[in-house]
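User: I'm in my first year and still learning how to read protein structures. Could you take a close look at one part of this one with me, and then show me how that part sits within the rest?

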Amino acid sequence: MSENYEAAKEKLLTNMDETCQQFFVKNGCILENAYYELLSDNIQKAKNLFTAIKDSDIRAHWAAFMISLIEGDVREYPTYFELRNFLEIDLNILLNYFKGDYVEKIVRYADFMFTINPEVHKFIGRVFYNNAYNDQAMFFLDRAKSYFYHDPELHYLLAFIYYNRNEYKNAEKSLENCLCILPEYFPALNLLKKIKQKNEKT
């Protein structure tokens, strides 16, 4: 079953079709079936499935909470570790399936989730960064920087966005902040080298 399960799970995460759902239903994979329903916009079906197993499955507990954000009807709280382990992954999945409306509704609760896990703004910013939504990434990474200024990755991500906008001075400043915190941070050193090479050509 393991090979078939991995194949069905891969379809769910990348290019789902009905065959993967049929596998999940046949083999009692309630969590995976619930995600299939969510990505198919069958919110109530997904909610019912997640709720049925949320007391015994931490991922289902998280997903039920996530649906409450989408519905704007929050009655429970996620845990610190649920936000750390699942928020970023699921936002990426939703964006992969062009569920921007769901993502928008979820990130509206960023400040609320921040009270449970202070890294939430960074997680969200990194999702937008990885999906080339630079304006949104900048907004959330700037928020995260207010609380985690000594996180070198934050400064590097901001620098890379500036670099892509051809705002080299701002990129350099962010990279200097990054390297001040962690002098051997290779991605920052590499990007700074690229900027200096560009400056030499102009």
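Analyst: Happy to! Let's start with one residue and work outwards. Ser174 sits in helix H12, which covers residues 168-181. This is a predicted model, so everything here describes the computed coordinates.

Is Ser174 buried or exposed? Ser174 counts as buried because its relative accessible area is 7%, and the limit for buried is under 20%. What does Ser174 touch, once neighbours within four places in sequence are set aside? The answer is His155, Leu158, Ala159 and Tyr162. Now look at helix H11, which spans residues 152-164: that is the place to find these partners on your screen.

Between H11 and H12 there is a loop, and Asn166 lies in it. Asn166 has a phi near 65°, a positive value in a residue that is not glycine. That deserves a second glance, because most residues other than glycine have a negative phi. Asn166 is exposed, with a relative accessible area of 53%, whereas Ser174 is buried.

Helix H11 also takes part in an aromatic pair. By the ring-pairing rule, the model has 15 aromatic pairs. One of them joins Tyr129 and Phe160 edge-to-face, with 5.9 Å from centre to centre and 80° between the planes. This pair links distant parts of the chain: Tyr129 belongs to helix H9 (residues 120-130) and Phe160 to helix H11, 31 residues apart. Their cover can be read separately for each ring. Tyr129 is buried at 17% relative accessible area, while Phe160 counts as partly exposed because its value is 23%. The cut-off of 20% falls between those two values. Ring pairs also link Tyr129 and Phe160 with Tyr156, Tyr163, Tyr168 and Tyr185 into a cluster.

Now let's step over to the nonpolar core. In soluble globular proteins, nonpolar side chains tend to be buried together. The largest nonpolar core here has 70 residues, and the members that touch the most others are Phe50 and Leu87. Helix H5, residues 58-71, gives this core its largest share, nine residues. If you select Leu87 and leave out residues up to four places away in sequence, you will find contacts with Trp62, Glu82, Ile106, Met113, Val120, Phe123 and Ile124.

Phe86 makes a good companion to look at, and its place is in helix H6. Phe86 is buried, since its relative accessibility is 12%. Apart from neighbours within four places in sequence, Phe86 is in contact with Ile58, Arg59 and Trp62. Trp62 therefore appears among the contacts of Leu87 and also among those of Phe86, and the cut-off for a contact is heavy atoms within 4.5 Å. For a sense of scale, the C-alpha atoms of Phe86 and Asn134 are 22 Å apart in space, with their positions 48 residues apart in sequence.

Helix H6 runs over 80-96 and helix H7 over 100-107, and the loop between them holds Phe98. Is Phe98 buried or exposed? Phe98 counts as exposed, because its relative accessibility is 76%. Phe98 also has a positive phi, about 60°, although it is not a glycine.

For one more stop, try helix H3, residues 30-39. This helix is mostly covered, with nine of its ten residues buried. The buried ones include Leu31, Tyr35, Tyr36 and Leu39, and also Glu32, Asn33 and Glu37. Asp41 follows H3 and has a positive phi near 70°.

Finally, zoom out to see the whole protein. The model has 13 helices and zero strands. The C-alpha atoms fill a box of roughly 60 × 35 × 30 Å along the principal axes. Of the 202 residues, 47% count as buried. Among contacts between residues at least 6 apart in sequence, 51% join residues at least 24 apart. The exposed surface is about 11100 Å², and carbon and sulfur atoms supply 50% of it. There are 24 positive and 29 negative side chains, and the centres of these two sets lie 5 Å apart. To finish, go back to Ser174 in helix H12 and trace its contacts once more, from His155 to Tyr162.

Key:
Residues numbered from 1 in each chain as written. Heavy atoms only, no water. Core = buried A, V, L, I, M, F, W, Y, C linked by side-chain atoms within 4.5 Å. Buried < 20%, exposed > 50% of the residue type's maximum accessible area, 1.4 Å probe, protein only. Helix = DSSP H or I, 4+ residues; strand = E, 2+ residues; numbered from the N terminus. Areas by Shrake-Rupley, 256 points an atom, 1.4 Å probe, with all protein chains shown as cover. Lys, Arg positive; Asp, Glu negative; His and termini not counted. Charge placed at Lys NZ, Arg CZ, Asp CG, Glu CD. Phe/Tyr/Trp six-rings, centres within 6.5 Å; stacked < 30°, edge-to-face > 60°.
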